[in-house]
Amino acid sequence: MSNIIEVKNLCYSYDGDAQIVKDAVHNVSFTVKSGEIIGIIGHTGSGKSTLIQHLNGLLKPASGEIIIDGKNIWDEPKKIKDIRFKVGLVFQYPEYQLFEETVFADIAFGPKNMGISGVDLTKRVEDICDIVGIKKEYLYVSPFDLSGGEKRRVAIAGVMAMQPKVLILDEPIAGLDPEGRKEILKMISKYREQFDATVIIVSHNMEDMAVLADRLIVMNEGNLHMYDTVYNVFTKSEELEGIGLSVPLVTKVLTSLKKKNSGIRTDIFTTDDAVEYLCSIAAGGRYA
Amino acid sequence: MLKDITFGQFFESSSPIHRMDPRSKILLLILNIIFLFLTKNVFSLIIPAVLTIVIIIISGVPVKMFIKNIKTILPIIIFTTLINLFYGSAGTVLIAFWHFTITTSGVMRAVYMASRIILLILQSSVLTYTTTPNDITDGIESLLSFLKVFGLGTAVHMLAMMMTIALRFIPTLVEETEKIMSAQKARGADLENGKLFDRIRALIPVLIPLLISSVRRAYELAEAMECRCYNGGVGRVRMKQMKYSLLDLWAAVVCVAFSGGVIALNILL
């Protein structure tokens, strides 16, 4: 598979009155293959949000290159808008950006800016609603009458309706109840299948990262600390804890169990796998 | 961009003027402005000018910050100067063309008007540079508290509280605006290009979410305040008590002395 995103030596710093000018993102390089799901984890203020705002050209790097689909996005600064349609970015708490009178109009805002209109526009909006599970009767309701979780889904659908090849989401499940979280994650997976999209998710939820992501980017104080498979990242629990992160809860449970019995494996990161593993032990009759 | 908006341009320092009571700073500013307007001509302006320079030096605020403030109202100064230039009828004619004549008294008048505005701005800048917005509001509230006699005590407190909250939320709203702008740009909104009308229309996706979140914040804040038994100023005491000190007395003496100077010059000239 080809690389859809290439980031080379990216540096960026916010200008401020602070006398110590520290890079918000310092010399970060990585590549993402087409179709991958990448998770970005990191402590608050580690540069995650700054990093992702570079990928669709909202921030311009102080130095370094961002290559999307083989093209440096800042080669033609006038066409930066096209990059934003190719790389869809969903901000934190996207429901606070809803503004239109109806759900339909709000989802249509992005595609309209792309120059899509009429029947094509209607089709696009309806298609995306099918995928993300927004009911047809909701389309002509005011988005402000919806519940928190529904608003969030409409807001994410607004970015998905542009059918970006790369979908980036900043903490898409923050502040939602378990049901709402499941819905959002389901709609992200569905979108990815439907459009062969590459997905980048910033999250603090290690469990969901373990389930969803192929590879993880670990950010620490503006530096790319690790970029590896979920297995290789989460087996380094001490290193993660050193930079204020942690492994999934289920892995912690297994680590505690290991203290009682050194035979327990601790390289399991999802609840489903852990259940299977523990059941197999129980079936083996060793600790039953 | 948005982050260039400075509001409440407080300059951190511990000069004698910073340490003065906000109430006396406000009162003395009013006194100085009154006497600035009681001057009769450009010569008697010398006294307020000297006073202003003295205050600026004592305040320890860099001069370039004052120049920045004058620059922002430069159009007004130029406009006033030009208007007044043609207003004098006495004195020798310097230039005359078409319907316009510029006389020496016109020039004097223009210089007088311009310097008066500049001094006014400088004096008020000293207040905003040396006093935090919250201190100014507290000062105003305390100075207006005499209105209690007319049963307007709550109104004064409400006004002051509104000002405090507004000031407190300016940075929050600026940050929020930037966030919403980025989010709408990510959806292809074009906020920078296009004709004036298009650009105004392009602001709708930014302004509506901003308005909604302001209302939401207002409700949240109101609830948080009620949870802490806020009931609108009645029986409320202050954590930071304002106290007049010797410093305020000295400042008052100096300002009154200069005001006396203005009266003296007005009589003499």
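A residue counts as buried when its relative accessible area is under 20%, and because A:Val25 has a relative accessibility of 0%, A:Val25 falls in that class. The structure discussed here is a predicted model. Two chains, A and B, meet in an interface that buries about 1,600 Å² between them, and the domain assignment divides each of them into two domains, as given for chain A and for chain B.

**A buried position in chain A**

- A:Val25 belongs to strand E2 of chain A, which covers residues 25-33.
- Leaving aside residues up to four places away in sequence, A:Val25 touches A:Leu10, A:Cys11 and A:Tyr12, together with A:Gly47, A:Thr50, A:Leu51 and A:Gly222.
- A:Val230 is separated from A:Val25 by 205 residues in sequence, and the distance between their C-alpha atoms is 23 Å.

**Interface between chain A and chain B**

- The contact involves 21 residues of chain A and 15 residues of chain B, and of the roughly 1,600 Å² that the two chains bury between them, 63% lies on carbon and sulfur atoms.
- On the side of chain A, the residues that lose the most area to chain B are A:Tyr96, A:Gln97 and A:Phe99, which together account for 33% of what that side buries.
- There are 2 salt bridges between chain A and chain B, one of which pairs B:Arg187 with A:Asp106, where the closest N and O atoms are 2.9 Å apart.
- The rule also finds 3 residue pairs in polar contact across this interface, with both residues of each pair at pLDDT 80 or more.
- Helix H2 (80-86), helix H3 (103-113) and helix H5 (148-160) of chain A are the elements that give two or more residues to the side touching chain B, and among the contributions to that side the one from H3(A) is the most, with 4 residues.
- Sorted by class, the side of chain A that touches chain B comprises 11 nonpolar, 6 polar and 4 charged residues.

**Domains of chain A**

- The domain assignment of chain A places residues 3-247 in domain 1 and residues 248-288 in domain 2, and the C-alpha centres of these two domains lie 33 Å apart.
- In the contact between them, 10 residues of domain 1 of chain A meet 8 residues of domain 2 of chain A, and the two domains bury about 750 Å² between them, with 73% of that area on carbon and sulfur atoms.
- A:Glu207, A:Tyr231 and A:Val247 supply 55% of the area that domain 1 of chain A buries against domain 2 of chain A, which is more than any other three residues supply.
- Across this domain interface the rule finds 0 salt bridges, while it finds 2 residue pairs in polar contact, both residues being at pLDDT 80 or more.
- Helix H7 (206-212) and helix H8 (230-234) of chain A each supply at least two residues of the side of domain 1 that touches domain 2, and H7(A) gives the most to that side, with 4 residues.
- By class, the side of domain 1 of chain A that touches domain 2 of chain A has 7 nonpolar, 2 polar and 1 charged residues.

**Positive phi values in chain A**

- A:Glu171, which is not a glycine, has a positive phi of about 50°, and A:Glu171 sits in the loop between strand E7 (166-170) and helix H6 (178-195) of chain A.
- A:Glu171 is buried, with a relative accessible area of 10%.
- A:Asp196, also a residue other than glycine, has a positive phi near 50°, and A:Asp196 is located in the loop between H6 and strand E8 (198-202) of chain A.
- A:Asp196 is exposed, its relative accessible area being 63%.

**Chain B: domains and helix H7**

- The domain assignment of chain B gives a domain 1 made of residues 2-130 + 249-268 and a domain 2 made of residues 146-227, and the C-alpha centres of these domains lie 33 Å apart.
- In helix H7 of chain B, which covers residues 133-143, the buried residues are B:Ile136, B:Thr137, B:Asp138, B:Gly139 and B:Glu141.
- The elements covering the buried residues of H7(B) include helix H2 (22-38), helix H6 (104-130) and helix H8 (153-186) of chain B.

Key. Residues numbered from 1 in each chain as written. Chains lettered and ligands numbered in written order. Predicted model: local features only at pLDDT ≥ 70, side-chain atom pairs only at ≥ 80, totals over all residues. Heavy atoms only, no water. Buried < 20%, exposed > 50% of the residue type's maximum accessible area, 1.4 Å probe, protein only. Contact = heavy atoms within 4.5 Å. Buried area = accessible area lost by both parts, 1.4 Å probe. Salt bridge = Lys/Arg side-chain N within 4 Å of Asp/Glu carboxyl O. Polar contact = N/O pair within 3.5 Å; in protein donor to acceptor, adjacent residues only side chain to side chain. Nonpolar A, V, L, I, M, F, W, Y, C, P; charged D, E, K, R; others polar. Domains from an automatic or database assignment.
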